[in-house]
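This note is meant for a colleague who is meeting the structure for the first time. The points below may be read alongside the sequence and the model.

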Amino acid sequence: MPEAVLQTAAAEMLDWHGCGMGVMEMSHRGKEFSAILAQTFSDLRQLLAIPEHFKILLMQGGGLAENAIVPLNLSNGGGVDFVVTGSWSHKSSQEALRYCDAKIAASNASSQHRHMPPASTWQLREQAHYVHVCSNETIHGVEMQTLPDLAALGCKAPLVIDCSSHIASRPIDWSKVGLAFAGAQKNLGPAGLTLVVVREDLLGQALAICPSAFNFTTVSDNNSMFNTPPTYAIYMAGLVFQWLLQQGGVEAMQTLAIERANLLYNAIDASEMFYNPVAHDCRSRMNIPFFITQEAGGQAATERFLLGAALRGLLQLKGHKSVGGLRASLYNAMPLQGVTRLVAYMQEFERQGGAA
Ligand SMILES: *Cc1c(COP(=O)(O)O)cnc(C)c1O
């Protein structure tokens with residue numbers, strides 16, 4: 001979270017804009033929250049340059065719930081093709097099996113999720129209702145530098161992207177997208193809010209078993225107020241959208257993301273102690289997993305590195321439990337100085353031969 005946003009939220013906690021209540025105390029149908037919601041929708045549309053023929057839905061359940069909600073709404077119970085590039089897209093394909101004929105069109109599992117399978121090699125089916133990709137794999141640190149152009153591959157199915165961990169860090173080419181979803185908690189705000197952006201013509205085909213609160217058409221027809229929305233999370237995300245627009249929007253975030261990522265990758269690549277195993281053309285700007293070589297002490301040195309990092313105020317650097325090692329998640333709110341300090345500590349740690 002950007003510190004300025006937390007400061008604003010703290011100042012407005014007890015009394016929002018002099019109305020005598022905090023946001024958590026408002027009726028979600030009252031004029032104060034209605035104003036917050038309307039502003040949030042319009043700021044988000046501007047920030048991500050979302051065309052008018054896409055609906056913005058503010059939902060709950062996180063990214064994992066969307067792994068079920070999207071097939072419930074778009075699959076018709078038929079074929080859906082998945083491109084597996086890491087843990088998240090793998091999870092999506094497994095969950096979808098409950099609702100549709102999910103097939104793996106391509107996978108990088110044989111390279112331990114370190115390379116991006118070229119779109120020209122994807123085995124897409126004529127009858128697929130949509131094609132699912134995860135545009136940034138948070139755990140394996142693999143990112144699509146451009147979205148696939150399915151039409152150019154001769155595929156008429158809409159593209160669904162799980163962009164949870166890099167949304168608002170680079171522009172989205174909406175001409176290639178049918179639906180995008182993202183849990184808010186990485187780049188947009190606090191946990192509890194899930195963003196769905198869906199092309200209008202894809203609405204209206206949910207399976208009969210789809211819960212009403214998860215039916216895109218119902219949510220859309222009710223302006224994301226079919227049931228009580230996560231009002232405080234929406235308010236916080238709204239403050240983040242305003243902050244992002246003030247910073248220069250997605251373009252400015254992209255410039256900063258490139259700068260942060262280059263700084264860390266250059267330090268990793270120049271080091272004899274640390275390494276990142278991902279192919280250069282698909283390295284993530286947001287989530288950078290890195291490891292200490294066996295010769296330099298492997299797991300034991302990693303534990304020492306983390307202890308020393310915590311003493312220096314460098315937190316949350318432990319790698320995901322499924323891959324181990326270290327991971328720096330450089331989301332939008334991370335100042336460049338956070339990376340400079342991390343790099344300085346890595347160099348110090350290496351000079352001292354792995355003694356924290
Ligand atoms: C974090 C994340 C999710 C999140 O799932 P939750 O259900 O919100 O915990 C989904 N997809 C990706 C790519 C993620 O990084």
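In what order do the strands of the open sheet of seven strands stand?

1. The model discussed here is predicted. Its open sheet of seven strands follows the order β1-β9-β8-β7-β4-β2-β3, and the pairing in this sheet is mixed. In general terms, the strands of a sheet pair through backbone hydrogen bonds, in either a parallel or an antiparallel manner.

2. The edges of the seven-stranded sheet are formed by β1 (54-59) and β3 (101-107); each has a single partner strand, so one side of each is left without a neighbour in the sheet. From one strand to the next, the twist averages 20°.

3. Within the seven-stranded sheet, strand β7 (residues 159-162) is paired with strand β8 (residues 179-183) in the parallel sense, over three bridges. Ile161 has Ala180 in β8 as its bridge partner.

4. Helix α2 (residues 31-47) lies across two strands, β1 and β9 (194-199). The helix runs at about 130° to β1.

5. A second topic is the open sheet of three strands, which has the order β10-β11-β12 and antiparallel pairing. Here β10 (274-275) and β12 (326-329) stand at the edges; since each has a single partner strand, one side of each is left without a neighbour in the sheet.

6. Strand β11 (residues 287-292) and β12 run antiparallel and are joined by four bridges. Ile288 is placed opposite Ala328 in β12. Helix α7 (residues 249-270) lies across β10, β11 and β12, and its direction makes an angle of about 15° with β11.

7. Which residues are around the ligand? They are Gly62, Gly63, Leu64, Trp88, Cys134, Asn136, Thr138, Asp162, Ser164, Ser165, Gln185 and Lys186. By type, this shell divides into three nonpolar, seven polar and two charged residues. Helix α3 (residues 62-74) supplies the largest share of the shell, three residues.

8. Several side chains place polar atoms beside oxygen atoms of the ligand. For Thr138, a polar side-chain atom lies 2.3 Å from an oxygen atom of the ligand. For Gln185, an N or O atom in the side chain is 2.8 Å from a ligand oxygen atom, and for Trp88 the corresponding distance is 3.5 Å. The protein covers 86% of the 390 Å² of accessible area that the ligand has on its own.

Definitions and conventions: Residues are numbered from 1 along each chain as its sequence is written. This is a predicted model: local features need pLDDT of at least 70, side-chain atom pairs count only at pLDDT 80 or more; totals for chains, interfaces and linings use all residues. Side-chain values use heavy atoms; hydrogens and water are left out. Two strands pair if DSSP finds at least two bridges between them. Contact means heavy atoms within 4.5 Å. Axes are lines fitted to C-alpha atoms, for helices over the stretch in contact, and angles run from 0 to 180 degrees between N-to-C directions. A residue is near a molecule or strand if one of its heavy atoms lies within 4 Å of it. A polar contact is a pair of N or O atoms within 3.5 Å; within protein, one must be able to donate a hydrogen and the other to accept it, and residues adjacent in sequence count only if both atoms are side-chain atoms. Accessible areas come from the Shrake-Rupley method with a 1.4 Å probe; for residues, only the protein chains shown count as cover. Ala, Val, Leu, Ile, Met, Phe, Trp, Tyr, Cys and Pro count as nonpolar, Asp, Glu, Lys and Arg as charged, and the others, Gly among them, as polar.
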